[in-house]
Amino acid sequence: MREIAEISDTDGYKLVKMARKTVTELLKNNSRISDSEFDSTFDFSSGVFVTISKQNSLRGCIGFPLPVKKLSEGLVDAAIAAATKDNRFPPLSIHELNQIVFEVTVLGVPIEINVKNSREYLSIIKIGRDGLIVDNGYTSGLLLPQVPVEYDWNVEEFLNHTCEKAGLGYESWKEKSTKISRFEGVIFKEESPNGPVIRESITG
């Protein structure tokens, strides 16, 4: 396991470009990409999400919140799923490849937030630093750290929307049966379709 702070800009470039190569190989040749050098470079376990955007609108986003896979494998799996298995959107077509932007978020290990009173969440969670996972034992939902910044949410709104993502009521985070975990992430994305890759800085 490597700390996310150790992920370099060069690593980020390789991850984003591999996400694009993975989807390109899948759509053009209906095959899974294989790259031994990439596998060797990212041969450590990590959570990862791949986000695909088109004209500044979400086109697909799927990943693995926990370090259950090697990053090399998780990145490829997440890229394929974001392009073809996000049930909010139709599968990506080959004609869209030059219209979409790839973004990769490498996740730190989620940490459960233990509080005596649910209002304590509002001072512990930091917009621009934390992503959230809401879990009540039957269902769970996750939102990445960049999401509340993009929508200009405060902490309470962030909690409400993460509960909604889990299929729960807006204020379910106030219930004792609901578990809230936070995680940090490092984000890399293309500036334009197939363009330069930048490390995205998010601030709340």
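## Overall fold

The protein chain contains 6 helices and 9 strands. Its radius of gyration is 17 Å, close to the 17 Å that the globule rule gives for 204 residues, so the chain is as compact as a globular protein of that length. This is a predicted model. Along the principal axes, the C-alpha atoms occupy a box of roughly 50 × 35 × 30 Å.

Of the 204 residues in the protein chain, 46% are buried. Sequence-distant pairs feature in the contacts: taking those between residues at least 6 apart in sequence, 70% join residues at least 24 apart.

## Surface and charge

The protein chain has an accessible surface of about 10300 Å². Carbon and sulfur atoms account for 46% of that surface.

There are 24 positive and 29 negative side chains in the protein chain. The centre of the positive set and the centre of the negative set lie 1 Å apart.

## Cysteines

The number of disulfides in the structure is 0. A disulfide requires two cysteine sulfur atoms within 2.5 Å. For Cys61, the closest cysteine sulfur is that of Cys163, at 18 Å, so the two are too far apart for a bond. The same pair appears from the other side: the sulfur closest to that of Cys163 belongs to Cys61, 18 Å away and too far for a bond.

Both cysteines of this pair fall in the buried class. Cys61 is buried with a relative accessible area of 18%, where the cut-off for buried is under 20%. Cys163 is buried with a relative accessible area of 0%.

## Helix positions: Asp77 and Asn160

Asp77 sits in helix α3. Its relative accessibility is 15%, and Asp77 therefore counts as buried. Beyond its neighbours within four places in sequence, Asp77 makes contact with Arg32, Phe64 and Lys69. Phe49 is 28 residues away from Asp77 along the chain, and the C-alpha atoms of the two are separated by 9.6 Å.

Asn160 belongs to helix α6, which covers residues 155–165. With 10% relative accessibility, Asn160 also counts as buried. When neighbours within four places in sequence are set aside, the contacts of Asn160 are with Tyr170, Glu171 and Trp173.

## The loop between α3 and β3

Ile94 lies in the loop that runs between α3 (71–84) and β3 (100–107). Its relative accessibility of 36% places Ile94 in the partly exposed class. Outside its neighbours within four places in sequence, Ile94 is in contact with Leu27 and Lys28. Between Ile94 and Leu58 there are 17 Å in space, C-alpha to C-alpha, and the two are 36 residues apart in sequence.

Glu96 is in the loop between α3 and β3 as well. Glu96 is buried, and its relative accessible area is 9%. Apart from neighbours within four places in sequence, Glu96 touches Lys54, Arg59 and Pro91, with which it is in contact. Ser181 is 85 residues from Glu96 in sequence, and the C-alpha to C-alpha distance between them is 35 Å.

## Two asparagines with positive phi

Most residues other than glycine have a negative phi. Asn56 has a positive phi of about 65° although it is not a glycine. Asn56 is placed in the loop between β1 (47–54) and β2 (57–64). At 83% relative accessibility, Asn56 counts as exposed.

Asn194 likewise has a positive phi, of about 60°, although it is not a glycine. The loop holding Asn194 runs between β8 (185–190) and β9 (197–200). Asn194 is partly exposed, and its relative accessible area is 48%.

Note on methods: Residues numbered from 1 in each chain as written. Predicted model: local features only at pLDDT ≥ 70, side-chain atom pairs only at ≥ 80, totals over all residues. Heavy atoms only, no water. Buried < 20%, exposed > 50% of the residue type's maximum accessible area, 1.4 Å probe, protein only. Helix = DSSP H or I, 4+ residues; strand = E, 2+ residues; numbered from the N terminus. Rg over C-alpha atoms; globule rule 2.2 N^0.38 Å. Contact = heavy atoms within 4.5 Å. Areas by Shrake-Rupley, 256 points an atom, 1.4 Å probe, with all protein chains shown as cover. Lys, Arg positive; Asp, Glu negative; His and termini not counted. Charge placed at Lys NZ, Arg CZ, Asp CG, Glu CD.
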